[in-house]
Amino acid sequence: MNLYEKIKADLQRGRFPAGQALKQAEVAELYEVSRIPVRDALQRLKNEGWLEPHGKRGVAVPQFDPLEVEDLYLMRMRLEPLLQTLAQKNLTNETLGRARDILDTMEENPNLSAEQIGCLNWQFHATIYLAARRPTLFATVEQLHRQCERYIGYQSRSLHYQSTSQKEHYAILEALQHKREEEAATLLAAHIETAGKKLVAFFHSAQNSS
């Protein structure tokens, strides 16, 4: 794991609280590296939205925005069921088997980190979505998932949502296996909406209590 990946994983698991400024010298000391790779890693994380500008040339951990979370899940719950439905006719037993293997990996490893959960969650959905053979739509959905990455830690750590999420994943997969595409699309939309609403409510509550 390189420095960029280490800092990203620590951001996702909440090592750095929202609002904290990250100074190059302090980060270099923390990870026992020189300032040059720190500068490059922080710049990349800022470009991807994991960090925001702070002061003249510094960066800080951004505050979590309930409105951003809401926008993301509203877009996802409309685009992803469409992409999944387009994929249905091309799904093979091999593809569905790979998707199930990913779910089983999550089920068999309850101590996965937030980063690992986020990665496997995307792998599950992407395995299905790629069968649609719609690269433009897939790229848009993939970008939305990347924007959601920094919230995954809160879903798994603060909301204890992973068990519920897994049950919903298996239900979606079963509907797809039996070619019940409308049911699968409805389940997927509800899966995204439920998690999104819980996260929005969590951040509103955190803002009101601060």
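This text walks through a predicted model, from its sheet to its pockets, its cysteines and a few individual residues.

The sheet comes first. Three strands make up an open sheet, and their order across it is β1-β3-β2, with antiparallel pairing. The edges are taken by β1, residues 21–22, and by β2, residues 52–54, each of which pairs on one side only. Between β1 and β3, the latter covering residues 58–60, the antiparallel pairing runs over two bridges. Within this part of the sheet, Leu 22 stands opposite Val 59 of β3.

Leu 22 and Val 59 also appear in the description of a pocket. The second largest pocket encloses about 270 Å³. Its lining has 15 residues, and those nearest its centre are Leu 22, Gln 24, Arg 57, Gly 58 and Val 59. Four elements, namely β1, α3 (35–47), β2 and β3, each give at least two residues to this lining. The largest share is that of α3, with four residues. In chemical character the lining of the second largest pocket splits into five nonpolar, five polar and five charged residues.

Closed space is a separate matter. The structure has one cavity of 30 Å³ or more. The volume of the largest cavity is about 70 Å³. Ten residues line the largest cavity, and Leu 11, Phe 16, Val 61, Phe 64 and Arg 150 are the closest to its centre. The lining of the largest cavity consists of eight nonpolar residues, one polar residue and one charged residue.

Helix α3, which contributes to the pocket lining, also contains Val 38. Is Val 38 buried or exposed? Val 38 counts as buried, because its relative accessibility is 0%. Apart from residues within four places in sequence, its contacts are Leu 3, Gln 24, Val 27, Ala 28 and Val 33. One of these, Gln 24, is also among the residues nearest the centre of the second largest pocket. Another, Ala 28, is ten residues from Val 38 along the chain, and the two C-alpha atoms are 6.1 Å apart.

The loop that leads from α2 (24–31) to α3 holds Glu 32. The phi angle of Glu 32 is near 55°, which is a positive value in a residue other than glycine. Glu 32 counts as exposed, because its relative accessibility is 72%. A second case is Arg 133, in the loop between α6 (114–129) and α7 (135–157). Here phi is near 60°, again positive in a residue other than glycine. With a relative accessible area of 62%, Arg 133 is exposed.

Lys 8 belongs to helix α1, residues 3–12. This lysine is classed as buried because its relative accessible area is 13%, and the cut-off for that class is under 20%. Beyond residues up to four places away in sequence, Lys 8 touches Leu 45, Trp 50 and Glu 149. Of these contacts, Leu 45 falls within the residue range of α3 (35–47), and Glu 149 within that of α7 (135–157).

The cysteines can be dealt with together. How many disulfides does a search of the whole structure find? The count is zero. The closest cysteine sulfur to that of Cys 119 belongs to Cys 148 and is 15 Å away, so the two are too far apart for a bond; a disulfide requires sulfur atoms within 2.5 Å. Cys 148 is likewise in no disulfide, its nearest cysteine sulfur being that of Cys 119. The two residues also fall into separate accessibility classes: Cys 119 is partly exposed at 41%, whereas Cys 148 is buried at 13%.

The last residue is Glu 181, in helix α9, which spans residues 181–209. Glu 181 is partly exposed, because its relative accessible area is 35%. With residues up to four places away in sequence left out, Glu 181 touches Thr 85 and Gln 88. In sequence, Glu 181 and Leu 86 are 95 residues apart, while in space their C-alpha atoms are 9.3 Å apart.

Note on methods
Residues numbered from 1 in each chain as written. Predicted model: local features only at pLDDT ≥ 70, side-chain atom pairs only at ≥ 80, totals over all residues. Heavy atoms only, no water. Pairing = 2+ DSSP bridges. Buried < 20%, exposed > 50% of the residue type's maximum accessible area, 1.4 Å probe, protein only. Contact = heavy atoms within 4.5 Å. 1 Å grid on protein atoms, 1.4 Å probe; cavity = no way out; pocket = protein on both sides within 12 Å on 5 of 7 lines; lining within 4 Å. Points joined across faces, edges and corners; volume = space filled by probe spheres on them. Nonpolar A, V, L, I, M, F, W, Y, C, P; charged D, E, K, R; others polar.
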